[in-house]
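User: Could you take a close look at one part of this model for me? I'd like the aromatic pairs and the helix around them, and then how that sits with the helix packing elsewhere.

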Amino acid sequence: MLVVVAGRGPAFARALILAFALGLISGCSTYANQSTRIRGHADKGDLAGALAEVRDQAGDDPDVLALLQEGLLAYYVGEYPESTDAFQQAADKIDEQYTKSISNEALAFLSNDQSRPYDGYPGEQSLLHVYAALAFLADGDRNSALVEARASSTQLERLEDLREEREAYSRDAFAEWITAMLYAEDGDANACLVSCRRSLSAYEEAREAWGQSVPESFLDDYARWADRFGFGEERDELESRYGERGPGATWLPRDQGEVVLLYESGWVDHLIQQKVAFPILESDRFDDHDRWAETIAVRGPRGVYVVGH
């Protein structure tokens, strides 16, 4: 039996939004102006009050931002069905808004960027499925948790397929690790090891980019699952790169289980919006796009630094 527990220590009031919701607050300036009371409740540990503020401000037709806030806050206060429902509505709106993105971008260009609906960053779109899975687990619905785990596994791939360069955020190490746990609990060997590989790849990218080390506990999980499911060569490769791991895991008796503690701490950096205008004239006619870009760049406001390329 797998039990997932969210840590709620003395600093929990400051740990309200691990990976998206507070980072989202200023995705829309109007909502940012309204968010002071929400964060005020959270600072005091009054999560129920913060949730009530979100619902009061959202009205009858909440946007993606409000639904993500509601989903996570409802999860923290133990309203698990309401949490999963809010996350599902957010996912549906994100999909709906993507289909309208071209017309919305055109409208924003002609009027103002407030007409563009907020649909979250790729990491937020992945993590909403992770938290929905945790809410289903907390409510005792493992099958629905697995459905959300699979959605988390495929969401970033779908987003990556939409990008021409294919060089953007494409893996979420935490999401893949949680997903691997759920697959392991379900006995799905191949899916578990695939999620492990994807998580390791994401951690290695983070290490190269920011110097973040690969968590030892993840490496231990990876090794134990490789043992459990008979992926001996994979375990040997892991040890050759990261050193010897602990003893292999066996299936636990029915009267035993494993507790996973998720300890969330700290605020996400608050986002701000800054507008920079670069006029594009009807008289612009350049075959050389680099030269055109440089010409447009010098029309921008003073103090804006434009690199040579």
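Analyst: Here is a walk through the aromatic pairs, one helix that carries such a pair, and two helix contacts.

Keep in mind that this is a predicted model. For orientation, the protein chain has 14 helices and 2 strands. It runs to 309 residues, and 43% of them count as buried. If you take the contacts between residues at least 6 apart in sequence, 63% join residues at least 24 apart.

Now the rings. A pair of aromatic rings is described by the distance of the centres and the angle of the planes. Searching the whole structure turns up 8 aromatic pairs. One of them joins phenylalanine 218 and tyrosine 222: the ring centres are 5.9 Å apart and the planes sit at 50 degrees, so this pair is tilted. Both residues belong to helix 12 (residues 216-228), and because they are 4 residues apart there, about one helical turn separates them.

Are these two rings' residues buried or exposed? Phenylalanine 218 is buried, at a relative accessible area of 0%. Tyrosine 222 has 4% relative accessibility, so it counts as buried too, the cut-off being under 20%.

Compare that with phenylalanine 286 and tryptophan 292. Their ring centres lie 6.5 Å apart with the planes at 25 degrees, so that pair is stacked. The cut-off for stacking is planes under 30 degrees apart. Tryptophan 292 comes out at 26% relative accessibility, so it counts as partly exposed. There's also a cluster: ring pairs link Tyr75, Tyr76, Tyr80 and Tyr131.

Back to helix 12, where alanine 223 also has its place. Alanine 223 is buried as well, with a relative accessible area of 1%. What does alanine 223 touch, once residues up to four places away in sequence are left out? The list is Arg235, Leu238 and Arg245. As for aspartate 236, it is 13 residues from alanine 223 along the chain, and the two C-alpha atoms are 8.8 Å apart.

On to the helix packing, starting with the contact that includes a tyrosine from the cluster. Helix 4 (residues 47-58) and helix 5 (residues 64-77) have axes that come within 9 Å and cross at roughly 155 degrees. Angles over 145 degrees count as roughly antiparallel, so that is how helix 4 runs relative to helix 5. The crossing of helix 4 with helix 5 is left-handed. On the helix 4 side, the contact uses Leu47, Ala48, Ala50, Leu51, Val54, Arg55 and Ala58. Helix 5 answers with Ala66, Gln69, Glu70, Leu73, Ala74, Tyr76 and Val77. Sorted by class, that gives 11 nonpolar, 1 polar and 2 charged residues. Tyr76 is the residue to click on here, as it appears both in this contact and in the ring cluster.

The second contact is between helix 8 (residues 122-138) and helix 10 (residues 173-186), whose axes are 10 Å apart and pack at an angle of about 35 degrees. This crossing is left-handed. Helix 8 brings Ser126, Leu127, Val130, Ala133, Leu134 and Leu137, while helix 10 supplies Phe174, Ala175, Ile178 and Leu182. The breakdown for helix 8 with helix 10 is 9 nonpolar, 1 polar and no charged residues.

Note on methods: Residues are numbered from 1 along each chain as its sequence is written. This is a predicted model: local features need pLDDT of at least 70, side-chain atom pairs count only at pLDDT 80 or more; totals for chains, interfaces and linings use all residues. Side-chain values use heavy atoms; hydrogens and water are left out. Axes are lines fitted to C-alpha atoms, for helices over the stretch in contact, and angles run from 0 to 180 degrees between N-to-C directions. Angles under 35 degrees count as roughly parallel, over 145 as roughly antiparallel, 65 to 115 as roughly perpendicular and the rest as oblique. A crossing is left-handed if the near helix is turned anticlockwise from the far one by less than a right angle, and right-handed if clockwise. Contact means heavy atoms within 4.5 Å. Ala, Val, Leu, Ile, Met, Phe, Trp, Tyr, Cys and Pro count as nonpolar, Asp, Glu, Lys and Arg as charged, and the others, Gly among them, as polar. Rings of Phe, Tyr and Trp (its six-membered ring) pair if their centres lie within 6.5 Å; planes under 30 degrees apart count as stacked, over 60 as edge-to-face and the rest as tilted. Buried means under 20% relative accessible area, exposed over 50%, partly exposed in between (1.4 Å probe, protein chains only).
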